[in-house]
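Here is a friendly walk through one protein model, meant to be read with the structure open beside you. Could you rotate the view as you go and pick out each part when it comes up?

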Amino acid sequence: FSFSILCFHGKGRCSFHSYHRMATHINMYSLLQKCNALIHMKQLQAYLITTGKFQFHPSRTKLIELFAISPAGSLSYAATIFRQIQNPSTNDYNAILRGLAQSSEPTQSISWYRNMLRCLQKIDALTCSFALKGCARALAFSEATQLHSQLLRFGFDADVLLLTTLLDVYAKTGFLDAAQKVFDGMLKRDIASWNAMISGLAQGSRPNEAIALFNRMKEEGWKPNDVTVLGALSACSQLGALKQGEIVHGYVVDEKLDNNVIVCNAVIDMYAKCGFVDKAFLVFNSMSCRKSLITWNTMIMAFAMNGDGYKALDLLDRMTSDGTCPDAVSYLAALCACNHAGLVDEGVRLFDLMKVSGVKLNVKHYGSVVDLLGRAGRLKEAYDIINSMPVLPDVVLWQSLLGASKTYGNVEMAEMASKKLVEMGSNSCGDFVLLSNIYAAQHRWKDVGRVREAMISNDVRKVPGFSYTEIDGRIHKFINCDQSHPSSKEIYAKLDEIKFRIKGYGYIAETNLVLHDIGDEDKENALNYHSEKLAVAYGLISTVDGTPVQVIKNLRICVDCHAFIKIISNIFNREIIVRDRARFHRFKDGVCSCKDYW
């Protein structure tokens, strides 16, 4: 039998004995590729040394690389072998460099590269590529810029693979303008170049540009692959861009990319984050490939975010009967579903079941239950759970308790939670604002002033609220009292019409939510032009009667806007979908899917 046949059948020991008898006839490189155990690698190393071939045999580099990057290998042992080489080649250096770039300490690859420069070792394109990958994993922007200038000096500026790696480094370190400049300057691009740029924009909070680049890619005749559509779907999910997401989904189906479970998961997530959980569930049920654990978790969380608590719990049961064992994320999604649907008793029962079923609880599970109890007004129980936790509570738990204290006007509990947050070093504007609002609701203006002074002294700035909506494939962004939009005049005219009409439905502005020491008329004016109201008004004047209006808001929707939009959905016979920081609100016929519990 040949070595390859013996290896294929798992007879590694026999194959190595055969190898020693057939050494002159075996392709050494092929042999190295079949190594899957440390002992085999060491046997090959011993052969190279005992036959005197170690110092000049071309397969030596492959052996070093195997030790450096193989799961069965050892990077430190690879370095030991390297030190035995009398005159290491660039390829030998690159083998170690590649292993360092993939290791748990990628910064060492940068040091190794610098050592090559000091030793006047010849640098090739692979050297720069591995060093750049180390920069990407170490998020080392400064070192990447130095490498950029050096690769230009070395004459590698036309190497597509190298430039793609470079723009990927810039994107992953958050310097998207630098990445875009590299991309635009490339004389030639391949599919990986487009994918790196689209993914970088999508993951770097510039999803609009990611979608535009995806469309440009198709216009220029490129054929997106599964990696491309993952980046585009991620961008659509962030923006709630349903129409564009449907176009990408159509492409996925046409090109049969839906055989990839990861792509299917992304499509489900996209529809869920656009507020169309029914479309997400349709994709889930029609999958031709086997569902992964992530598929189930994504769908359970989709129901959770849309307030379909019972459907999420049913799916958790169905998941188990299907033979997929729920993990910690599955249970967390189910707890979130109970939280958003107000299923307090069900959530507490599920949490108790997890504790006796051997599920490893983490701080997020405790946080979800604390939030669940807090929203239901059971502040003492929430506080007791925090104090009984076997792990250290994080900032989010105390923030949840602070938010619940604000909702139920419990000043004592709020002050306790706020004190804990200060002790933990939290400097979030939301913590200060919540405590300030609690004091303001009690007309304790001196305490309000004290909190705001603390904000100023700690240089804490309130995050401005904004909303956006997709109209004809374009994203329109609004801030409170925004008058910068080209259709601003028509938007404000529509809001005036709405304000006149909704008063006949009993709407009264929730001026108690404007926690400033000003008059009621000024408070009402402050409420009238919240960003979500502007976005909804623009949606009404820009879309055909009867079509849904979608809005995404970066903060939690306020009580006044919630009541306002409920009435609008009834007056104009429109479905209005608002995705805020925590969940979806689907307004239709004067009611909201959250059942006024959020």
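What follows goes from the overall make-up to the annotated repeats, two helix pairs and the sheet.

This is a predicted model, in which local features need pLDDT of at least 70 and side-chain atom pairs count only at pLDDT 80 or more, while totals for chains, interfaces and linings use all residues. Residues are numbered from 1 along each chain as its sequence is written, and side-chain values use heavy atoms, with hydrogens and water left out.

**Overall make-up**

The protein has 32 helices and six strands; helices (H or I, at least four residues) and strands (E, at least two) are DSSP runs, numbered from the N terminus. Of its 598 residues, 51% count as buried, where buried means under 20% relative accessible area, exposed over 50% and partly exposed in between, with a 1.4 Å probe and protein chains only. Contact here means heavy atoms within 4.5 Å. Among contacts with a separation of 6 or more, 63% come from residues 24 or more positions apart.

**The annotated repeats**

An unreviewed UniProt entry carries the annotation "repeat: PPR" for residues 159-189, 190-224, 260-290, 292-326 and 327-361. Such annotations may be inferred rather than shown by experiment, and their positions are given in the numbering used here, with feature names shortened. Two of these spans are set side by side below.

| Span | Helix | Strand | Distance between end C-alpha atoms |
|---|---|---|---|
| Residues 159-189 | 74% | 0% | 10 Å |
| Residues 190-224 | 74% | 0% | 11 Å |

Threonine 165 sits in helix H11 (residues 160-172). Is threonine 165 buried or exposed? It counts as buried because its relative accessibility is 9%. Leaving aside residues up to four places away in sequence, threonine 165 touches Ser129, Leu132 and Lys133.

**Two helix pairs**

Two packed helices are described by the angle between their axes and the distance between the axes. Axes are lines fitted to C-alpha atoms, for helices over the stretch in contact, and angles run from 0 to 180 degrees between N-to-C directions. Angles under 35 degrees count as roughly parallel, over 145 as roughly antiparallel, 65 to 115 as roughly perpendicular and the rest as oblique.

Helix H5 (residues 59-69) and helix H7 (residues 90-102) have axes that come within 8 Å and cross at roughly 10°, so H5 is roughly parallel to H7. Their contact includes Ile64 and Ala68 in H5 and Ala95 and Ile96 in H7. The contact residues divide into five nonpolar, four polar and four charged. In this scheme Ala, Val, Leu, Ile, Met, Phe, Trp, Tyr, Cys and Pro are nonpolar, Asp, Glu, Lys and Arg are charged, and the others, Gly among them, are polar.

For helix H29 (residues 488-502) and helix H31 (residues 531-542), the axes come within 9 Å and cross at roughly 100°, so H29 is roughly perpendicular to H31. Among the residues in contact are Leu495 and Ile498 of H29 and Leu534 and Ile541 of H31. This contact has nine nonpolar, no polar and three charged residues.

**The sheet**

The six strands of an open, mixed sheet run in the order E2-E1-E3-E4-E5-E6. Strands E2 (474-479) and E6 (591-592) are at the edges, each with a single partner strand, so one side of each lacks a neighbour in the sheet. Two strands pair if DSSP finds at least two bridges between them.

Strand E1 (residues 466-471) pairs with strand E3 (residues 549-553) in the antiparallel sense over two bridges, and tyrosine 468 has isoleucine 552 in E3 as its bridge partner. E3 and E4 run parallel and are joined by four bridges; glutamine 550 is bridged to isoleucine 577 in E4.

In a regular strand the side chains alternate between the two faces of the sheet. From strand E4 (residues 576-579), Ile576 and Val578 point one way and Ile577 and Arg579 the other way, and all are buried.
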